[in-house]
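Here is a short, friendly tour of the aromatic side chains in this model and how they meet each other and nearby charges. Have a look at the rings first, then read on.

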Amino acid sequence: MILNCFKSITCILFGIITLHCAPALANKVQLGQLCPLISGQWQGSAANPNGLSKQVTTSVLCSADNNNMYISISQGARFSNSETWWFRVRGNEIELIYSDGINADISQLFTLYQQGDGFTFLGKGEIKQRPALIRLSFDEQQTNNKTHWLWQQSAHFLDDDSDSYQVVRGISLMAVDRHKSAQ
């Protein structure tokens, strides 16, 4: 029993350190620094660790003041409807409103960090009714002199003795080739 208590305390401390020490490892940035970089039409695959990869189209729109970023993932990503991710600046934090068209919308607060060419939203919330530290990372990738992004959705479950983030889903954001789509 003491060992389980120690593991739980260690897990919680790791989570607190991850959230509070992130500024020491990365720079806190505004949504306007990420949004213009990923704005546009993307295609690629989406998969969770236990599922099959599915082809999706992702659209990213930014408001004129870059205080709102709207991401739409095409039909068939996880549900029969499209899903939407609306990030908006709320004071010093960024609010996410997630909608899948089936379940009740989810609202959550994040802080955005940049480290190198990557960006990470960090926040505390729930996934499948489990308390978790949630990380949404956008990592810039280069292939054949073309920039694309890997969007990983990860969680560190606070009711688990694990000391690391688990990938919940990954989405590849490859630029839509306008010449191919016009044919």
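In this predicted model, Arg135 places its charged end over the ring of Tyr165, 4.0 Å from the ring centre. A second arginine, Arg88, lies over the face of Trp86, and here the distance to the ring centre is 4.3 Å. Rings also meet rings: searching the whole structure turns up 7 aromatic pairs.

**Trp85 and Tyr98**
- These two rings make an edge-to-face pair, with 4.8 Å from centre to centre and 65° between the planes.
- Trp85 belongs to strand S5 (residues 83-90) and Tyr98 to strand S6 (residues 93-99), so their contact ties together parts that are 13 residues apart in sequence.
- Trp85 is buried, at a relative accessible area of 6%, and Tyr98 is buried too, at 8%.

**Phe87 and Phe121**
- Phe87 and Phe121 form a stacked pair: their centres are 4.5 Å apart and their planes differ by 25°.
- Because Phe87 sits in strand S5 and Phe121 in strand S8 (residues 118-127), the pair ties together parts 34 residues apart in sequence.
- Phe87 is buried, with 0% relative accessible area, and Phe121 also counts as buried, at 0% relative accessibility.

**The wider cluster**
- Which residues do ring pairs link into a cluster? They are Trp85, Phe87, Tyr98, Phe110, Phe121, Phe138 and Trp151.
- Both pairs described above have their residues in this cluster: Trp85 with Tyr98, and Phe87 with Phe121.

Terms used. Residues are numbered from 1 along each chain as its sequence is written. This is a predicted model: local features need pLDDT of at least 70, side-chain atom pairs count only at pLDDT 80 or more; totals for chains, interfaces and linings use all residues. Side-chain values use heavy atoms; hydrogens and water are left out. Rings of Phe, Tyr and Trp (its six-membered ring) pair if their centres lie within 6.5 Å; planes under 30 degrees apart count as stacked, over 60 as edge-to-face and the rest as tilted. Helices (H or I, at least four residues) and strands (E, at least two) are DSSP runs, numbered from the N terminus. Buried means under 20% relative accessible area, exposed over 50%, partly exposed in between (1.4 Å probe, protein chains only). A charge sits over a ring if NZ of Lys or CZ of Arg is within 6 Å of the ring centre and within 35 degrees of the ring normal.
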